Amino acid sequence: MLNIVIFGAPGSGKGTQSDNLIKPYGLFHISTGDVLRDHIKRGTELGTTAKAYIDKGQLIPDELMIGILASVLDDNADKASKGVIFDGFPRTIAQAEALEKMLKERNPGVSAVVGLEVPEDELVERLIKRGKESGRSDDNLETIKGRLQVYHSQTSPLQDFYKQKGLYKAIKGTGSIDGIFADIKAAVDAVL
Ligand code: AMP
């Protein structure tokens, strides 16, 4: 079983590279951003709560987010039998600790954390472009700046958290999508 955390700032390419990883390794993809946007689209109570945070570029509170992830894992236990790509989760130390606990209860822990490293000016450029193409409500300059601040203060400490566990694989997240994927594949194959 292979459990991959795909890690990086907003705009670092986590979604794109998760899509590439699904097929060759038979993994189940969980994007917490997509899960929340689906709730918003369906007009659920959770969607209403999530929208208020997302539109401000803030993180959904840990307790709520951890509960959502646990239920997605439980509801998809069959599809996740070969392993999971966690995309957009964990985003805080509390979430990483909760993930460790959840995986211990269900199956072997995190196999590798693939960290996509992209310079800040390129992240901003990519997110503005995505906002124009997809119309995502949080891809506007003001919210992007807030999300990057949140990334630096709350999420990037996870790099050290996972480095200390020997799980962090730094990947240069610039250049061609295929070239980046080749580097990711080499890093993942090394832990198989
Ligand atoms: P993403 O699509 O991963 O960029 O996520 C979009 C937004 O959803 C984030 O800016 C947060 O507001 C929220 N979100 C997604 N994943 C998480 C998480 N693990 N913890 C807290 N908030 C999250």
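Me: What makes the pair between arginine 136 and the ligand a polar contact?

Reply: Happy to walk through it. In this predicted model, an N or O atom in the side chain of arginine 136 is 3.3 Å from an oxygen atom of the ligand. A polar contact needs a pair of N or O atoms within 3.5 Å, so this pair qualifies.

Me: What about arginine 37 and arginine 91, and how do you know that they count?

Reply: The reasoning carries over. Arginine 37 has a side-chain N or O atom 2.9 Å from a ligand oxygen, and a polar side-chain atom of arginine 91 lies 3.0 Å from a ligand nitrogen. As for cover, the ligand taken alone exposes 480 Å², and the protein buries 96% of that.

Me: Which residues surround the ligand, and where does the ligand sit?

Reply: There are 16 residues around the ligand, with Thr32, Arg37, Gln58, Gly88 and Gln95 the closest. The ligand sits in the largest pocket. Helix 2, residues 32–42, gives the most to the shell, four residues. By class, the shell holds six nonpolar, five polar and five charged residues.

Me: Now the rings: how many aromatic pairs are there, and why is the one between phenylalanine 7 and tyrosine 168 called edge-to-face?

Reply: The count is three aromatic pairs. For phenylalanine 7 and tyrosine 168, the centres are 6.2 Å apart and the planes are at 80°. Centres within 6.5 Å make a pair and planes over 60 degrees apart make it edge-to-face, so both parts of the name fit. Phenylalanine 7 belongs to strand 1 (residues 2–8) and tyrosine 168 to strand 5 (residues 168–172), 161 residues apart.

Me: Why is the peptide bond from phenylalanine 89 to proline 90 called cis?

Reply: Its omega is near 0°. Most peptide bonds are trans. Proline 90 lies in the loop between strand 3 (83–87) and helix 5 (93–106).

Terms used. Residues are numbered from 1 along each chain as its sequence is written. This is a predicted model: local features need pLDDT of at least 70, side-chain atom pairs count only at pLDDT 80 or more; totals for chains, interfaces and linings use all residues. Side-chain values use heavy atoms; hydrogens and water are left out. A residue is near a molecule or strand if one of its heavy atoms lies within 4 Å of it. A polar contact is a pair of N or O atoms within 3.5 Å; within protein, one must be able to donate a hydrogen and the other to accept it, and residues adjacent in sequence count only if both atoms are side-chain atoms. Accessible areas come from the Shrake-Rupley method with a 1.4 Å probe; for residues, only the protein chains shown count as cover. On a 1 Å grid over the protein atoms alone, a cavity is a set of points where a 1.4 Å probe fits but cannot get out, and a pocket is an open set with protein on both sides within 12 Å along at least five of seven lines; lining residues have an atom within 4 Å of a point. A molecule sits in a cavity or pocket if more than half of its atoms lie within 2 Å of its grid points. Helices (H or I, at least four residues) and strands (E, at least two) are DSSP runs, numbered from the N terminus. Ala, Val, Leu, Ile, Met, Phe, Trp, Tyr, Cys and Pro count as nonpolar, Asp, Glu, Lys and Arg as charged, and the others, Gly among them, as polar. Rings of Phe, Tyr and Trp (its six-membered ring) pair if their centres lie within 6.5 Å; planes under 30 degrees apart count as stacked, over 60 as edge-to-face and the rest as tilted.
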